[in-house]
Amino acid sequence: MIRDITLGQYYPGGSWVHRLDARVKIIATLLFIIELFIVDNFIGFAVAAAALAAVIAVSRVPLSYIVRGLKPIILILCFTFALNMFMIDGTILWQWGFLKITREGLRKAVFMAIRLVLLLIGSSMLTLCTRPLSLTDGIERLLSPLKRIGVPAHEIAMMMTIALRFIPTLLEETDKIMKAQQARGADFETGNLLQRAKSLVPILVPLFVSAFRIAQDLAMAMEARCYRGGENRTRMHELRLVGKDYLAIAMMIGFLALMIAESVLL
């Protein structure tokens, strides 16, 4: 289960999506998330899913690798689905005691499940197809206009990227700790949900110690390389928009217009 989480990981490749400017991919991801919350019918979700499928096909990231990242949120999906299905009033389709399924609740539950799946896959595509360094540069460039009002754009971008980069690192450390404790007789697989959750408590202390150790090593490495923040820093590869980036921007604007028109007309 730990190894199934793909959020924050980078999948190396040389596809058209990988070569796009990081700023374009960040903006495209944000617009895609906005579009998911604009849509409120199956046709809109089908169009959004088709667009996401096209991006996945062009990126050449294996579909099995992306779907694997959905396994850790199955419990969250089921809980969200059940909560919406049983807690929303409307036309009753089935009732047993205080439990009831309504037409509006079932519709809301399906929409929410689809929205969460597309949201996770779309967000994962950003990190899967963008190098961490490029992601940092893209966030900083997008936040750079805020420097005029005193917002530390570089520091914010650095913290966001380090947080994303730490996700797979901490997952790997968690997997190592679990295997070490299993070799000493720990059991994380048997028992009910509450018992299995309690068995994970002993993992937290060594995980926190490992996280602080990794953070200290990172800080020492940055100091050894004379890192002093974003002032007067130069880059080996400057971000520049080229033809494929402008094409992606045009496609993104067209898709947003299509989603807005579809939500208004339907």
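Trainee: How far does the backbone nitrogen of D21 lie from a polar atom of the side chain of D245?
Mentor: A word on the basis first: this is a predicted model, where local features need pLDDT of at least 70 and side-chain atom pairs count only at pLDDT 80 or more, while totals for chains, interfaces and linings use all residues. Residues are numbered from 1 along each chain as its sequence is written, and side-chain values use heavy atoms, leaving out hydrogens and water. D245 touches D21 (contact: heavy atoms within 4.5 Å). The backbone nitrogen of D21 and a polar atom of the D245 side chain are separated by 2.8 Å.

Trainee: Which side chain of opposite charge is nearest to D245?
Mentor: D245 is buried (under 20% relative accessible area, 1.4 Å probe, protein chains only). D245 has no salt bridge (a side-chain nitrogen of Lys or Arg within 4 Å of a carboxyl oxygen of Asp or Glu). With Lys and Arg counted as positive, Asp and Glu as negative, and His and the chain ends not counted, the nearest candidate lies 4.8 Å away and is K244.

Trainee: Which helix holds both D245 and I260?
Mentor: Helices here are DSSP runs (H or I, at least four residues), numbered from the N terminus. The one in question covers residues 243–265 and includes D245. I260 is found there too, and the helix is α11.

Trainee: Is I260 buried, partly exposed or exposed?
Mentor: I260 joins I34, I38 and V264 in a nonpolar patch on the surface. Patch members have over 30% relative accessible area and no salt bridge, with nonpolar side chains joined within 5 Å. The relative accessible area of I260 is 39%, and because partly exposed runs from 20% to 50%, I260 is partly exposed.

Trainee: What accessible area do the patch residues have together?
Mentor: Helices α2 (22–38) and α11 each supply at least two residues of the patch. With accessible areas taken from the Shrake-Rupley method and a 1.4 Å probe, I34, I38, I260 and V264 together come to about 340 Å².

Trainee: Which residues does L119 touch, leaving aside those up to four places away in sequence?
Mentor: L119 sits in helix α6 (residues 103–128). Its C-alpha atom is 24 Å from that of G14, 105 residues apart along the chain. The residues that L119 touches are I33 and L36.

Trainee: How many helices and strands does the chain have?
Mentor: Along the sequence the pattern reads α-α-α-α-α-β-β-α-α-α-α-α-α. Strands are DSSP runs of E with at least two residues. The secondary structure comes to 11 helices and 2 strands.

Methods
Polar contact = N/O pair within 3.5 Å; in protein donor to acceptor, adjacent residues only side chain to side chain. Patch = residues over 30% accessible without salt bridge, like charges linked within 9 Å, V, L, I, M, F, W, Y side chains within 5 Å.
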